[in-house]
Structure formats: C-alpha cells, structure tokens
Amino acid sequence: MKKSNLLLYLENQTAFFDFVEPSKNFTSSEIAKYFNVKRNTISHYLNQLVDAGELIKINSRPVYFLHMQEFEKQFFDVSKNIFSSIEELKKDEPLFKKKEDSFSMLIGHDSSLSKVVQQLKTACFYPDGGLPVLITGESGTGKSHIVRIMYHFCQEKELIDSEAPLVVFNCAQYANNPELLTSNLFGYTKGAFTGADSDHQGAFENADGGILFLDEVHRLNPEGQEKLFTYLDQGVIYRVGDTQIAHPVKTRLVFATTENLDSSFLTTFIRRIPILIEIPHLEKRTATERLELIYSFFIEEQRRIKCDFTVSGQVIQLLKNMHFIGNVGGLRNTIKVAVAKSYAKSEGTDGFEVTVYDLPSQLLVNENRKYVNGSMERVVINSETSVLSIAEQVNPEKQQIIRLYERLLLEYQKSSKDIQQVEGVLKEQIEDLFDYLLFRQDRVQNQEFLLYVTQQVQETLRQMEISHQMRFNGNIVYSISYYLFQRSGVYWVPQDVEINELMSNLSTSLHDHFPRSFQFSARLLALLREKLDLEIFEMDTIILTLYISQLDLPRDVNYPQAVIIAHGYATASSIANVANRLLHRNVFESFDMPLDVSPKEIAEQIIEYAEYNASQQGLIILADMGSLKEIDQLFTKKLSIPLLLINNVTTSLALSVGEKILRKTSFPEIRTQVETSMRLEMKLIYPEIKMRKAILTTCMTGLGTATKISNLLKKSLPDKLDVKIIPFEFPVLKADKQRNPVFSLYDVLCVIGTDNPEIPDVNYISLEELISGKSTDVILDSFIGIDPELKRMFNNNIVRNFSIKKVIGSITILDTDKVILDVELFMQKFEELTEQRVSNPKRLSLFVHISCLIERLIRNAPIEQYDSLDNLRQCRKKELSLIKDAFSVIELDYSVKLPDSELAYIHDILFNKLDLPSIDEDF
C-alpha cells in the first residue's frame with residue numbers, strides 16, 4: 001500500500017478526534033482492518049511517518065496516531081510529535097486558545113451586522129424556547145447562512161441539544177399548491193386526502209427540539225399564516241385532517257423573506273413576531289467588511305483546490321467596488337469562477353495568479369463599478385491565510401489590549417504566581433500598551449467621546465484624591481482615559497476555567513500586595529462604570545492596580561524632585577508626558593491647574609506633594625506663567641529643601657532640565673546653563689479666532705440614546721456645514737450647564753433632546769419640534785449666508801430621518817411598528833384611566849423611553865436604581881398604580897414584569913413639570 005493513502009485516511013479522521021473518548025479508528029489494528037493489511041505492516045508504515053514528522057504518536061494503551069498538520073489546524077500547535085499519554089498532549093494546548101462563539105466568525109458581527117447579532121442572541125436566549133424571528137433581505141444577502149450560524153450558536157450555548165435538528169423548509173417549492181405546502185408543514189392523518197395512506201409527520205414535528213427555518217415564507221397564503229397563529233399562541237399544531245388532537249411541539253421558529261412585509265403578510269401574523277431583522281445589501285456593508293468577504297471567499301477556494309495562489313491588487317480593488325446583483329452570493333460565485341479560470345490556465349499548479357483577465361467581462365463595464373483612485377497590494381492566499389489576520393489589521397488597538405491581557409496572565413503563570421518576582425515585567429508591559437494607545441490617537445474616530453471620557457476620568461480622580469489620600473499627576477488621567485476609551489470596544493470574558501482561576505489568583509495577589517492601589521482602582525472603576533456606561537472586567541482592576549501602584553514605589557533619592565505646573569486642561573500633563581518619554585525616565589510630575597486657582601492654593605498643593613515625596617536633593621519647579629512667581633515666598637517658609645523655580649516652561653526647556661537632572665548637575669549649574677541657553681523668540685500674529693459650531697444631543701434614557709439621536713442628525717445635516725454633533729448625558733448637562741468644558745471648546749448652537757436641560761442663552765429644541773420641522777431655522781440661521789438649496793436639503797433630510805419610526809428604529813433592536821403600537825396602547829389606556837391627555841412632548845419622550853425599556857426587560861437587564869424610591873411609593877401611590885395598570889398591556893404582550901425602579905422613571909416623565917394636572921396625592 002502507499003503511505004499517501006495512509007496519510008489521507010488519517011487526515012480525514014483527525015478532525016473528529018475526541019480527547020475524552022478517542023475512537024479506535026486511530027489505532028494500528030483498526031487502520032489495518034480498514035486497508036485489509038497486516039497489523040505489523042501498518043505499524044511499520046505509521047512509525048516511519050512519525051519519524052518523518054508527519055504523524056503524532058500517543059503511547060497510551062492502545063497507541064493512537066494522528067495526522068499532525070490536520071491536528072494543528074483543527075486544535076492547536078504541538079511542541080513535539082510523540083506523547084506518553086493524551087493528558088500530556090493536552091498540556092501542550094496553549095492557555096489562550098481562541099474560544100469564540102459562532103457569531104464571532106460572521107463577517108460584520110461587530111459592525112454592520114452588530115444589530116442583527118444582538119437581535120438573534122436576544123431571540124436565542126429568551127426563556128422558554130426563544131422568540132420567533134423574521135429575517136428580511138434581498139436574495140443572496142446571507143439569510144440562510146445566518147440561520148445556520150444561529151443553529152450552531154444555540155448548540156454551543158446548550159440552548160438546544162447537540163443532536164437537535166435544523167429543518168429547512170422552502171415554501172417556494174409549494175407556491176402553486178398551498179394544500180401540499182400545509183400538509184408537508186403540519187403533517188397529515190391517514191385519509192385526509194387522496195393518497196394519504198398513513199399518518200405523516202410534517203416539518204414542525206420533525207424540527208421538535210431544534211430549529212425550523214421557513215424560507216420564502218411570503219409564499220405561505222393567508223390561510224397558512226393563520227395556521228401558524230395556533231402554534232405561536234399555544235405551542236401546538238394540528239395535522240391536516242384532524243382538528244381534535246393537538247400535537248405539542250417545541251421548536252424555535254425562524255422565517256425568511258425577500259418580499260415587502262406590508263404587501264405579503266397579514267398584520268396579525270407580523271404582530272406575533274417580536275424580532276424583525278433586516279440583512280443589508282452588500283453595497284451597504286462597510287468597505288472593511290466587503291474586503292473581508294473577498295478574502296474569505298478566496299481562502300475558501302484555496303481550501304477547496306488545495307493550491308496556493310496570489311490575487312492582484314487590482315482584482316481586489318475591483319471586487320470591492322463592483323455592483324453584484326446577487327449580493328454576497330454573487331460575489332462568492334464571481335470569485336469561484338475567477339479562481340477556476342486561473343487554475344485551469346495554470347493546469348493545477350501552485351503559484352498561479354488571479355488577475356483582472358479572470359474576472360467575468362460583463363462585470364468590468366463602468367456601470368457595474370464605482371470609480372476609485374489608487375490600488376491595493378497583491379496578496380498571497382495559502383493554507384496559513386485567515387480572515388482573523390485581516391481583522392487584526394483593521395482594529396490593532398483591540399488586538400493589542402487582548403494580547404496584553406494574555407501576556408500578563410502568562411507571565412504571572414510562568415513566575416509560579418509570585419507577584420514580587422514578575423511585578424516589574426507586568427508594569428513595563430502595561431506602560432508599553434498605554435504608550436501605544438497614546439501614540440495612536442490619530443486613529444481615533446470619535447474624538448468627542450474621547451474628550452468626554454477624559455473629562456469624567458479627570459473629575460473622578462480629583463474627587464477621590466482627598467478621600468484616598470493619594471496624589472496624581474496629569475499623566476495618569478490621559479493614560480487611564482485612552483485605555484478605557486479603546487477598551488470600550490473590547491469584550492473579553494474567558495470561558496476557560498483555568499484562565500479564570502489564574503486571573504482571580506492574580507487579582508488576589510495584587511489585593512494583598514498593593515491594598516491601597518487595589519482599593520483605589522476598584523473604586524475608580526466602579527464610579528466610571530456608571531458615568532461611561534462601561535462594563536468593567538476583572539482585568540481592568542488588575543491593570544489599573546499595577547499602573548497606579550507605581551506611585552507607591554519609593555523615588556530615587558539620588559535625584560531631585562521635578563514638577564511641571566501649568567494652568568489649563570492638560571498643559572502640564574502633555575509637556576511632562578513628552579519629556580518623560582524622550583528621557584526614558586519618569587523625571588517630571590505634572591500639575592494641571594484651573595485658571596481660577598490662586599498662587600497660594602498652588603503652593604499648598606505642591607508643598608503637600610513635596611512633603612509626601614521628600615527628597616533631600618531638592619525640588620525643581622517649571623512653571624508656565626508670571627503669576628506663579630509669587631509663590632516662591634510661600635515655599636521658602638514651609639520647605640526645608642533647596643528649591644529652583646524656572647518660569648515660562650516649554651517642552652524643550654523640560655527636556656533640557658531633565659537631561660541635567662539625570663546627569664546630576666548641581667542646582668547652581670542648572671540655573672546658569674538654563675539662563676544662558678534660553679532664547680526668547682517672538683512673532684506678532686493677528687489670528688482670526690473662530691470657535692467651531694456644535695449641537696448637543698441628550699436624552700433622559702441615557703448616553704446611548706443621545707448618541708443614536710446624534711447619528712440621525714449627522715445624516716441630516718449637509719456635509720458643507722462644518723458643525724460637530726456631540727451626545728451628552730442629560731444629568732451631567734443639566735447639572736453643569738455652561739460650566740461644562742464643551743461650552744469653552746465650541747460655539748454651541750442648540751441642545752436637541754427629549755427634555756430641556758435649561759441652559760441659559762442656549763436654544764433647546766425638542767424632538768417633537770424637530771420632527772415637525774418647526775425649529776430647523778434655529779439651527780440654520782446660525783450660518784451666515786447659507787445657500788437656500790442647503791436649507792431645503794436639510795429640511796428634506798429631517799423629514800426623512802426624524803420620523804417617529806426612524807428614531808425608535810435606531811434605538812432598539814425590536815420591531816419598530818410593534819413597539820410604536822404597544823406604546824400607543826399604553827398611553828391610550830393611561831389617558832382613559834386618568835381622563836386626561838398626555839401632551840405631545842411627553843408622548844415623544846414616552847415613545848423613546850419605553851422603546852428602550854421594553855428591550856431592557858426582554859434582556860432581563862432593567863435599571864434597578866432610583867433615588868428616593870420608598871418616598872415615591874408612599875407619596876405617589878395612586879399615580880404609580882395607574883401607570884402600572886396602563887403598562888399591563890405591554891407586560892402581557894411581551895411576558896415581562898415592570899419593576900418599581902423602572903416604573904418610577906415613567907412617573908417622572910409623566911408627572912414632573914407636566915402640563916398634566918396632578919392626580920390627588922395620598923398625602
């Protein structure tokens with residue numbers, strides 16, 4: 001026999017290797033039976049292949065042989081190919097083997113399909129068999145592919161059994177025979193019609209315990225749709241020919257259609273499906289996703305033909321910008337044909353290249369593609385190529401953060417869990433990451449949110465300094481801010497028990513070794529969690545503890561202390577950060593001082609710092625403006641160490657002084673050298689100062705809703721208008737008013753939202769006014785000489801983008817029409833109970849708030865905190881009871897319960913500053 005046949009056999013079998021109960025198919029005796037060859041002959045060949053490094057040998061009883069390349073592709077890389085046991089082989093498995101769910105492999109799962117994935121997971125995890133789903137989208141957008149991923153996801157999460165069926169039923173096959181469609185879907189009894197010789201199960205019963213996918217469901221006639229009502233309402237079906245015996249079935253329902261919902265379905269049918277999902281056309285997918293799809297299809301072909309090849313950059317550029325009638329399916333078929341054509345020309349040899357000459361000629365005409373400048377690099381497609389490598393290029397910050405998590409835990413594990421032994425290495429790696437994130441700030445797309453994060457971190461640190469008796473410089477503000485900003489896009493929750501135990505062990509070690517820094521970090525993250533709507537992970541506390549603990553380390557007493565003081569938001573921090581990085585030492589601390597702080601207050605803070613970090617070598621202060629000269633007298637009275645105060649600090653001055661400090665230059669020499677080297681450069685400039693215009697969006701529901709409103713507004717404003725749209729937390733905006741830094745950075749035209757934060761001299765526009773078109777002039781009149789055409793365009797965009805349906809559709813993953821109807825029913829019942837009318841502004845606020853509320857309740861993630869809830873229960877008992885009664889229509893429809901904390905927020909919308917007369921109170 002040929003060794004190649006033996007290798008092929010094991011290659012096909014290895015993918016199914018089970019570590020717990022390995023099959024006998026991997027033993028020499030079973031392999032000998034398969035090939036009908038003597039066992040000793042097979043053993044001889046197998047051991048030769050082991051010696052050649054092509055097979056893995058496990059010297060257990062019995063001995064197992066695995067195909068090495070296929071094993072590494074399916075499981076993990078190995079350090080050798082002979083193991084004493086399966087347990088020894090398992091020890092070779094890396095600690096951080098990728099364990100992602102099925103949806104994470106879906107291209108666009110974190111971008112254009114993120115809402116789709118959220119909706120599907122909501123449907124999957126909903127108790128008692130999930131929620132029915134209707135998927136819409138053009139032919140070829142990937143509806144069937146997504147259903148298969150949903151099926152595997154349910155298996156992974158043990159929501160259905162591993163052997164549960166996925167039954168695909170294409171209604172289009174029975175389009176001309178509705179009776180046959182119904183009988184095959186629901187089953188039939190013997191004698192139900194001519195030819196029904198016995199009882200027959202339909203697709204519903206075949207899918208019991210699994211998923212039933214009804215494709216092209218618009219082919220189901222009204223009578224067929226009505227038959228589904230019984231199952232949707234009662235969980236039972238009746239076979240054709242028998243209306244007496246109900247057959248209980250437990251299956252998850254997924255429907256798909258390419259047709260318009262309004263024209264093809266009964267309203268009563270659509271109302272029974274709470275999750276409506278639309279798959280976007282290929283051209284609506286992001287450029288990155290289209291590129292990833294292209295690469296994935298080329299990789300798919302490489303795996304099929306088992307030949308390496310290259311693709312010209314021009315081919316990739318054209319495919320990325322072509323129009324495909326068949327959507328994703330059309331793109332896949334085009335790539336398949338192009339590879340097949342090039343493969344045939346090369347006569348099946350490795351190293352061929354796919355070029356523009358291999359693309360279908362009809363796709364190269366101008367009307368089928370967009371005009372683009374530039375080209376892309378040619379790429380090599382081989383067995384090592386993966387879409388993951390492309391994803392790493394698209395979002396390197398995310399990958400860097402995840403790699404840091406893994407490196408920290410691996411280093412800790414290698415040190416035998418001795419935090420003192422590995423402390424320096426861990427801190428150095430964290431510093432490297434923070435430096436990387438700071439240096440890549442040019443990549444930041446959402447500068448406004450980064451500014452908001454930085455403000456919240458700075459404010460929170462300032463509040464905590466006194467209570468925790470810790471002093472922080474400006475560097476820590478920016479390091480933590482950039483980390484949390486980039487980390488907001490990272491979801492890292494390991495499923496591996498060993499990793500979680502290691503992480504918990506490291507956290508405990510840090511708690512014991514750096515108790516002060518650990519408690520501070522935990523408290524800081526707890527406060528920022530509420531302000532930033534950020535989910536906090538255990539690794540966040542670990543990283544901040546290690547970073548902040550550096551402040552607890554004793555300073556090098558051989559050097560004087562050096563401090564940079566500057567007025568403003570981050571002047572001192574920026575100069576100190578650059579100087580320290582270039583000097584490769586933390587020479588300077590920084591103090592950012594508000595403009596209204598007196599010299600005395602500055603002096604007291606620095607004296608307190610100097611005493612806490614005492615160094616007999618003295619203190620050097622680099623200050624930024626003349627008023628700080630007054631503090632020298634205050635220092636001389638309270639400091640017992642030498643002091644050198646240098647005014648008019650710049651980055652070059654800081655570098656010069658820092659170099660002298662590291663060379664241990666004496667204070668008098670530093671003074672003399674600085675005086676000699678300083679040269680004053682002056683240039684008279686008369687700049688035209690113009691603050692950029694901005695519009696703030698806000699909502700009582702939270703920052704997430706304000707952000708979504710801002711996105712709609714961005715789509716509506718003409719590109720020629722240079723105006724920033726900035727989402728804001730409503731409580732922050734209402735409390736800070738014009739003290740908020742945003743009013744110093746921008747010329748704020750107006751605030752748009754669901755409630756008025758009452759900011760003096762700033763126009764407030766309610767969503768109701770914006771939707772009605774009453775207040776568009778307030779925005780546009782701020783731009784001098786605006787083109788009438790731009791005004792008309794803006795008005796048209798507002799009408800298109802700011803309908804109730806559009807606004808609610810942007811803030812919830814649920815079916816918009818159904819949600820609107822349910823909220824209307826709630827308001828109607830509330831008005832009947834109170835015999836009063838809810839005003840239009842409050843109606844709009846309720847539409848927005850309750851849309852988000854319903855989704856929270858379905859996800860079982862309600863808001864659980866409300867200040868003075870007990871007091872509200874006592875004083876507004878009657879009002880709360882009426883709201884609860886009115887809300888019962890929604891509770892019943894979605895099978896949810898409204899907690900008192902959420903009830904209180906609805907009360908605030910209805911009765912705080914309402915034009916609605918208050919109902920008689922109990923007190």
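The exercises below work through a predicted model of one protein chain.

**Exercise 1. Give the overall make-up of the protein chain: how many helices and strands, and what share of residues is buried?**

Step 1. Count the elements. The protein chain has 40 helices and 21 strands.
Step 2. Turn to burial. 49% of the 923 residues count as buried.
Step 3. Look at the surface. About 46200 Å² is exposed, and carbon and sulfur atoms supply 48% of that area.
Step 4. Check the range of contacts. Among contacts with a separation of 6 or more, 73% link residues 24 or more positions apart.

**Exercise 2. Work out the strand order of the sheet that holds E1, and find which strands stand at its edges.**

Step 1. Read the order. The 3 strands run E2-E1-E3 in an open sheet with mixed pairing.
Step 2. Find the edges. Strand E2 (64-67) and strand E3 (82-83) each have a single partner strand, so one side of each lacks a neighbour in the sheet.
Step 3. Inspect one pair. E1 (residues 55-58) and E2 are antiparallel, with 4 bridges. Isoleucine 56 stands opposite leucine 66 in E2.
Step 4. Add the helix. H3 (residues 39-51) lies across E1, E2 and E3, at about 110 degrees to E1.

**Exercise 3. Describe the sheet of 5 strands and the helix that lies across E4, E9 and E10.**

Step 1. Set out the order. This open sheet reads E5-E6-E9-E4-E10, and its pairing is parallel.
Step 2. Name the edges. Strand E5 (166-170) and strand E10 (275-278) have one partner strand each, so each has a side without a neighbour in the sheet.
Step 3. Note the turn. Direction ignored, neighbouring strands are turned by 20 degrees against each other on average.
Step 4. Zoom in on one edge. E5 pairs with E6 (residues 211-215) over 5 bridges in the parallel sense. Asparagine 170 stands opposite aspartate 215 in E6.
Step 5. Place the helix. H6 (residues 114-125) lies across E4 (133-136), E9 (252-257) and E10, running at about 150 degrees to E10.

**Exercise 4. Determine how many residues of E14 are buried, and which strands pair with E14 in the parallel sense.**

Step 1. Test burial. In E14 (residues 561-567), 7 of 7 residues are buried.
Step 2. Split the two faces. Gln561, Val563, Ile565 and His567 point one way, while Ala562, Ile564 and Ala566 point the other way.
Step 3. Take one partner. E16 (residues 619-623) runs parallel to E14 over 5 bridges. There, isoleucine 620 is the bridge partner of alanine 562.
Step 4. Take another partner. E15 (residues 588-593) is parallel to E14 and joined by 6 bridges. Phenylalanine 591 in E15 is the bridge partner of isoleucine 565.

**Exercise 5. Classify the packing of H36 against H37.**

Step 1. Choose the descriptors. Two packed helices are described by the angle and the distance between their axes.
Step 2. Apply them. The axes of H36 (residues 816-834) and H37 (residues 840-858) come within 10 Å and cross at roughly 120 degrees.
Step 3. Classify. H36 and H37 are therefore oblique to each other. Their crossing is right-handed.
Step 4. List contacts. On H36 they include Val819, Phe826 and Met827; on H37 they include Leu846, Phe847 and Ile850.

**Exercise 6. Is serine 901 buried or exposed, and which residues does it touch?**

Step 1. Locate it. Serine 901 is in H40 (residues 900-911).
Step 2. Apply the cut-off. Buried means under 20% relative accessible area. Serine 901 has 6%, so it is buried.
Step 3. Find the neighbours. Leaving out residues up to four places away in sequence, serine 901 touches Ile863, Glu864, Gln865, Tyr866 and Leu869.
Step 4. Compare sequence with space. Serine 901 and tyrosine 866 are 35 residues apart in sequence, yet 5.5 Å apart C-alpha to C-alpha.

Notes. Residues numbered from 1 in each chain as written. Predicted model: local features only at pLDDT ≥ 70, side-chain atom pairs only at ≥ 80, totals over all residues. Heavy atoms only, no water. Helix = DSSP H or I, 4+ residues; strand = E, 2+ residues; numbered from the N terminus. Buried < 20%, exposed > 50% of the residue type's maximum accessible area, 1.4 Å probe, protein only. Contact = heavy atoms within 4.5 Å. Areas by Shrake-Rupley, 256 points an atom, 1.4 Å probe, with all protein chains shown as cover. Pairing = 2+ DSSP bridges. Axes fitted to C-alpha atoms, helices over the stretch in contact; angles between N-to-C directions. Parallel < 35°, antiparallel > 145°, perpendicular 65-115°, else oblique. Left-handed = near helix turned anticlockwise from the far one by under 90°.
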